[in-house]
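I'm opening a fresh notebook page for a structure I haven't looked at before. Here are my jottings, in the order I looked things up.

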Amino acid sequence: MEIMEFCRKVKKSLCIYVGHEADVSIKRIIKNNGIVLYSIMISEKEMNISPNIYLNGLHEAYEKGETFSEVMDEIFRIYKESRRKKSMNMDFFLDYAKMKERVVCKVISYEKNKELLRQVPYISFLDMAVVFYCQVPGEEMENATIPIYESHIKMWNISKERLYEDAKRNTPRLLPPRLLSIEEMMEEIFEEDLRQKSGKGKAGAGGRTEAAAEETAEPPAGNGYKSCMYVLGNERKLFGAAVILYDGLLEKIAEIIGSDFFLLPSSVHEVILIPDEGREKGGDLWKMVCEINETQVEPEDVLTDSVYYFSGENKRLEKIF
């Protein structure tokens, strides 16, 4: 069964289930790197927050033999768990003067997101695009974000340059950078795995452990020894590759690790830094990036297949492969 036929079948069953209490619609959503997802949205009367249930995985399970009844049981479960009892006050989003302190940015591939970039304001950066989103305030909506579209900046009557300036100021404050040696990162992963197995872990966005944000743009100095590799992201572990835009950050890191470095785009969430021991290995690093993106990173999380280089002397990040 084709996915749209599957979506229509799900919609029909949901319409019977919710009756006149809600409207049910099918949405085609373009995610990062042109990934197209289909979802079912259940819009309850007098509610401005609607459960949005992605169907691609459920369609795949159905194609592999799961019964339609089992699929619908899962959808009903998700709907019951995700529905909210009251609307959210969205006045802050309608007024840019109230919302501007919540605007942040992330980096995505320019080449792989041309369709998306026709709909959103963006700033070009090397072979990437800087795009924007709003962090929703309030503990109840922790980790919720609203992507910013061209229609929004027209409503606010602002330019994308103004949006960029506000995001450059806010992002380091709301999403402080975090630098770990690869050894520290492996130790953290091991400890997190133990916490989750013991039932003590607290999951954050995308299955990542939530960390408290501090208002600082200074990367930690590490444990005092020079590693062969470092992982750079933000404290929230969400869209952390954008830290490469933070003013003066890469220069400070070059001082901390004591050399210029190669920068590899591990994902949209973090990047890997390798101290320079000879630029001739850049081609080998490019092959490694391509292989890892192909086999180890979720398609939606891939940043680019490029290799970048930061020179402390020139104070500039450049694409070299």
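I started with Ser 311, which is buried at a relative accessible area of 9%. Buried means under 20% relative accessible area, counting protein chains only and using a 1.4 Å probe. Ser 311 sits in strand S12, residues 308-311. Strands are DSSP runs of E with at least two residues, helices are runs of H or I with at least four, and both are numbered from the N terminus.

Before going on, I noted what I'm looking at: this is a predicted model, where local features need pLDDT of at least 70 and side-chain atom pairs count only at pLDDT 80 or more, while totals for chains, interfaces and linings use all residues. Residues are numbered from 1 along each chain as its sequence is written, and side-chain values use heavy atoms, with hydrogens and water left out.

Back to Ser 311. I checked its contacts (heavy atoms within 4.5 Å). Leaving aside neighbours within four places in sequence, I found Asp 260 and Arg 316. A polar atom of the Ser 311 side chain also lies 3.1 Å from the backbone nitrogen of Asn 314.

Next I followed S12 to helix H10, residues 249-257, since the buried residues of H10 pack against S12. They also pack against strands S8 (177-181), S9 (230-234), S10 (261-264), S11 (270-275) and S13 (316-319). The buried residues of H10 are Leu 249, Leu 250, Ile 253, Ala 254 and Ile 257. Why do they line one face of the helix? Seen down the axis of H10, they fall within an arc of 140°, so they line one face. The arc is taken from the directions from the helix axis to the C-beta atoms. I reminded myself that an α-helix has 3.6 residues a turn, so residues three or four places apart point the same way. After H10 comes Gly 258, with a positive phi near 80°.

Then I looked up Tyr 96, in helix H5 (residues 96-99). Is Tyr 96 buried or exposed? Tyr 96 is buried, at a relative accessible area of 6%. Beyond four places in sequence, Tyr 96 is in contact with Val 103, Trp 156, Ile 158, Arg 162, Leu 163 and Asp 166. Ile 158 is 62 residues away along the chain, yet the two C-alpha atoms are separated by 8.7 Å. The side chains of Tyr 96 and Asp 166 make a polar contact at 2.5 Å.

Last, the whole chain: I noted 11 helices and 13 strands. Buried residues make up 44% of the 321 residues.

Conventions
Buried < 20%, exposed > 50% of the residue type's maximum accessible area, 1.4 Å probe, protein only. Polar contact = N/O pair within 3.5 Å; in protein donor to acceptor, adjacent residues only side chain to side chain.
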